Every structure is written in structure tokens, then in C-alpha cells.
Amino acid sequence: MAAVTNTRERILQAALELFYQHGYAGTGMAEILKKADANSGSFYFFFTGKEDLLQAVLDWYLENLYPVLLEPVFSLSNDPIERIFLLLDKYRQSVVATEFAFGCPLGRLALEIEPDRRLVHDKIAANFTGWARAVEELLQQAKDRLAADCDLRQLSRFVLTVMEGAVMQARSYRCIEPFDDCVAQLRVHFSALQKAGESEPKSRLKSKISQSKRRRK
């Protein structure tokens, strides 16, 4: 049974690498089987076809979001807001280390796969949701430091959008400046939210004092 599981894992890991390097359409079945050292019989024992394999790849990304991406980053700091920027820095490091060849695999698949392939796009969306929810959980931990009217779900999606856009621009410009510009403006936005959060308790206190004085009159 271990050998069977190992064969499936080899096929899955080969697809992860090849879909990332060449795209879904640019990767052939023969290429996957060669890299996985598997035959077509083994492949069809585990998967109904190439799209079924793609769905398994997307399941892998979602299942490994925390252990592979988030946990190593979160171990660097206990501060929830700093964790968000450490996560973005993780992507920056990948962009620089690959000399601007890096691209978010989910973002690339979202752009490549035809929109009418709903099962695939539902799984891509689930990955985006998982990423944004992880950020939203950090924002929940820091909500007392942010403006009271801050929509944490919307802010988490904004952080995701900054990451995706920053990676794509750095990749196209072959320069880290667009990435750094995007993150710098996100920091400005967070600073404004935190400054508003700091001033709100004082405003509420002044309002209570003012209401108390009016009652006395």
C-alpha cells in the first residue's frame, strides 16, 4: 500500500512542479509521467484525467497552506500585523531569489484556466479564501489597534490583492521596486488605520464627558 501511495504522490509532485514551470496547458501527460517515473496505468488508477490531477494539485495547495507557507512565517513574530508583512516579505524573497521568475502559482492558474471550468475555479477560489482568511484571523487579533469601522474581511482581500499585484508587476518589470512600492503603500494604510484606532478611545471619552455636561445643564 505504501508503494501505491508513493506513486500517487510522485505524480502529484511532478504535476505541481510542471504546472508551475510550464502552465497547465503547456504541460503534457507524457511529461508528467516521465518526471513521476510512472506509467499511464498507474496514472489512471488514481486520476480520471489531467483536469482531475489539476484539482488534486489545488487541493494540495489548500491543505499545505498553513504547514508550508504560513507556519514558518508566523514563527518569526507573535505580532499579528507584523506577521502579515512577514508573509508579504516571504513572497518578496521568492521573487528576488528566482531573479523575477517567481509567480504565485494560484494567480497564474486563475489567469490561465478558462472561466467556464467552474470546478477548477471553485478550488482556486477556495485557496484564495484560505489565504485571505488566514490574514483576516491576524486582523481579528489586532482589531483593537485598528479603526473601529475597519472591515476586516475586505482588508484581508486587499492584502491578497496587493500581494498578487506586487508579484505580477515585479515579474513583468524584472525589478523589485513595484513590489516594494505596493507594500510601502499598504504600510501607510495600516499606519492610518492604527492611528485612527489610537484616537478613537479619546474621542469616545470626550463624547461621554460632553454628554454628561449636557445632562447636568
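**Pockets and helix packing in a predicted model**

Me: Hi! How much space lies in the largest pocket?
Reply: Happy to help, and bear in mind that this is a predicted model. The space in the largest pocket comes to about 560 Å³.

Me: Which residues that line the largest pocket are the closest to its centre?
Reply: The lining is made up of 18 residues. Helices H1 (2-22), H4 (50-63), H5 (65-74), H6 (80-97), H7 and H8 each supply at least two of the lining residues. Closest to the centre are Trp60, Tyr61, Val68, Phe102 and Pro105.

Me: By class, how many residues of the lining of the largest pocket are nonpolar?
Reply: Let's go through the classes one at a time. One lining residue is charged and four are polar. The nonpolar class has 13.

Me: Now the second largest pocket: which element gives the most to its lining?
Reply: This pocket holds about 170 Å³ of space, and its lining consists of Phe128, Thr129, Ala132, Arg133, Glu136, Arg153, Ser156, Arg157 and Leu160. Two elements give two or more residues to that lining, namely H8 and helix H9 (152-173). The one that gives the most, with five residues, is H8.

Me: How many charged residues are in the lining of the second largest pocket?
Reply: Three of its lining residues are nonpolar and two are polar. The charged ones number four.

Me: On to packing. How do H7 and H8 run relative to each other, roughly parallel or roughly antiparallel?
Reply: H7 covers residues 105-112 and H8 covers residues 118-141, and their axes come within 10 Å. The axes cross at roughly 150 degrees, and the crossing is left-handed. An angle over 145 degrees counts as roughly antiparallel, so H7 and H8 are roughly antiparallel.

Me: Which residues of H8 make the contact with H7?
Reply: From H7, the contact uses Leu106, Gly107, Leu109 and Ala110. Taken over both helices, the contact has five nonpolar, three polar and no charged residues. The H8 side is made by His121, Ile124, Asn127 and Phe128.

Me: And H5 with H8, is that pair roughly parallel or roughly antiparallel?
Reply: The axes of H5 and H8 come within 12 Å and cross at roughly 30 degrees. Angles under 35 degrees count as roughly parallel, so H5 and H8 are roughly parallel.

Me: What is the handedness of the crossing in which H5 passes H8, left-handed or right-handed?
Reply: Leu65, Leu69, Leu70 and Phe74 of H5 are in contact with H8, where the partners are Gly130, Trp131, Ala134 and Leu138. Seven residues of this contact are nonpolar, one is polar and no charged residue takes part. As for the handedness, the crossing is right-handed.

Me: How far apart are the axes of H6 and H8?
Reply: These two helices pack at an angle of about 150 degrees, so they are roughly antiparallel to each other. The distance between their axes is 7 Å.

Me: Last one: which residues in H8 does H6 meet?
Reply: H6 brings Pro80, Arg83, Ile84, Leu87, Leu88 and Tyr91 to this contact. By class, the contact has nine nonpolar, one polar and one charged residues. In H8, the residues met are Trp131, Val135, Leu138, Leu139 and Gln141.

Conventions. Residues are numbered from 1 along each chain as its sequence is written. This is a predicted model: local features need pLDDT of at least 70, side-chain atom pairs count only at pLDDT 80 or more; totals for chains, interfaces and linings use all residues. Side-chain values use heavy atoms; hydrogens and water are left out. Axes are lines fitted to C-alpha atoms, for helices over the stretch in contact, and angles run from 0 to 180 degrees between N-to-C directions. Helices (H or I, at least four residues) and strands (E, at least two) are DSSP runs, numbered from the N terminus. Angles under 35 degrees count as roughly parallel, over 145 as roughly antiparallel, 65 to 115 as roughly perpendicular and the rest as oblique. A crossing is left-handed if the near helix is turned anticlockwise from the far one by less than a right angle, and right-handed if clockwise. Contact means heavy atoms within 4.5 Å. Ala, Val, Leu, Ile, Met, Phe, Trp, Tyr, Cys and Pro count as nonpolar, Asp, Glu, Lys and Arg as charged, and the others, Gly among them, as polar. On a 1 Å grid over the protein atoms alone, a cavity is a set of points where a 1.4 Å probe fits but cannot get out, and a pocket is an open set with protein on both sides within 12 Å along at least five of seven lines; lining residues have an atom within 4 Å of a point. Grid points are joined across faces, edges and corners, and a volume is the space filled by probe spheres set on the points.
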